[in-house]
Structure formats: C-alpha cells, structure tokens
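Me: Could you take a close look at one helix in this model for me? I'd like to hear how it begins and ends, what it packs against and which of its residues are tucked away.

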Amino acid sequence: MHRVPAERADRRVIDGHTVCAAIESIGDADRLAAWADRFALLGEPHRLAVLLALHHAGPIAVTDLATATGIADPAVSQILRLLRTAGVVAGTKDGRIVRYALTAPHLAPVLDQLRPAPGSGTPEAGDGTAGTPTPPEPGTA
C-alpha cells in the first residue's frame with residue numbers, strides 16, 4: 001500500500017492494490033478541485049446552453065447567443081462575465097461587436113458528449129445515453 005497517506009495507514013484495507021489504484025486515479029486535491037470547478041460551470045442549464053453554443057458554433061455575439069439559446073441578452077452577458085472570470089471564454093472585438101469563443105480545450109470533450117444527433121434533439125448514439133429513459137420532471141412522477 002505504497003500510495004496510502006500516513007494519516008490513513010492505520011485503516012483496515014481488504015485489497016491494497018485496489019486502494020492504491022483508486023488513490024492514483026483520484027490524483028491530488030488541487031487537480032480534483034479544479035475539475036470540480038469546471039463541472040460546476042456545466043451544472044446550470046443556461047450556462048451549459050451558452051457553453052454548447054460557443055463550442056459548436058464558434059465565435060458568436062451576445063445578441064446571437066441570446067437568440068440561439070432563448071436567454072435574455074442581459075442574462076447572456078452575465079453568464080459570459082462569469083465564464084470569462086473562470087477563464088473558459090474570451091471575447092474578441094470586431095468593430096463595435098464582441099464575439100465570444102470557448103478558450104477551454106479541456107471542456108471540449110465533455111461538451112462533445114452532449115451534442116444532439118442531427119435533427120433529433122437527443123444525444124447521439126454511442127455517447128452512452130442512447131436509449132436511456134429521460135427522468136420525469138420534478139413533481140410529475
């Protein structure tokens with residue numbers, strides 16, 4: 001059990017090699033916290049919609065994002081401000097227009113998994129969710 005920290009060395013272990021593999025897969029606390037923060041950005045539907053639009057449509061203006069997502073312009077601006085602060089989007093001036101783009105390549109593979117199949121509105125086959133029933137809306141089950 002070469003990976004078990006000293007403060008946990010006295011704990012009962014059944015399969016030491018499995019514990020070491022699990023510890024290795026978790027990684028250090030800073031890395032874990034960074035990924036938790038990244039996933040938190042995806043945890044709100046409007047932010048997720050903006051991130052998906054930015055990722056798949058490329059540089060896009062606030063008003064176009066608002067139209068594409070159905071979110072009001074001020075709310076899109078607020079979301080973009082949060083995403084800029086988090087370092088995952090950046091804006092580029094094009095005359096009087098600012099076009100925003102995703103600048104977080106580590107989020108691209110996650111966002112790719114959420115892309116719907118063309119014309120279906122449902123996730124693509126092969127993403128692990130095809131055929132998975134959609135959970136009922138809260139309060140309707």
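Reply: Starting with what's buried in α3: that list is Arg47, Leu48, Val50, Leu51, Ala53 and Leu54. Keep in mind that this is a predicted model. As for the spacing in that list, an α-helix has 3.6 residues a turn, so residues three or four places apart point the same way.

Now the helix itself. α3 covers residues 45–57, and its length checks out: 13 residues at 1.5 Å each should span 18 Å, and the C-alpha atoms at the two ends are indeed 18 Å apart. At the start of α3, Glu44 has a side-chain oxygen that comes to within 3.0 Å of the backbone nitrogen of His46. At the other end, α3 is followed by Gly58, which has a positive phi, near 80°.

On to the packing. α3 meets helix α5, residues 73–85, with the two axes coming within 10 Å and crossing at roughly 75°. Since angles of 65 to 115 degrees count as roughly perpendicular, that's what α3 is to α5. On the α3 side, the contact is made by His46, Arg47, Val50, Leu51 and Leu54; α5 brings in Ile79, Leu80, Leu82 and Leu83. Sort the residues of this contact by type and you get 7 nonpolar, 1 polar and 1 charged. Put the two lists side by side and you'll see Arg47, Val50, Leu51 and Leu54 among the buried residues of α3 as well as in the contact with α5.

Notes: Residues are numbered from 1 along each chain as its sequence is written. This is a predicted model: local features need pLDDT of at least 70, side-chain atom pairs count only at pLDDT 80 or more; totals for chains, interfaces and linings use all residues. Side-chain values use heavy atoms; hydrogens and water are left out. Axes are lines fitted to C-alpha atoms, for helices over the stretch in contact, and angles run from 0 to 180 degrees between N-to-C directions. Helices (H or I, at least four residues) and strands (E, at least two) are DSSP runs, numbered from the N terminus. Angles under 35 degrees count as roughly parallel, over 145 as roughly antiparallel, 65 to 115 as roughly perpendicular and the rest as oblique. Contact means heavy atoms within 4.5 Å. Ala, Val, Leu, Ile, Met, Phe, Trp, Tyr, Cys and Pro count as nonpolar, Asp, Glu, Lys and Arg as charged, and the others, Gly among them, as polar. The expected span of a helix is 1.5 Å times one less than its number of residues. Buried means under 20% relative accessible area, exposed over 50%, partly exposed in between (1.4 Å probe, protein chains only). A polar contact is a pair of N or O atoms within 3.5 Å; within protein, one must be able to donate a hydrogen and the other to accept it, and residues adjacent in sequence count only if both atoms are side-chain atoms.
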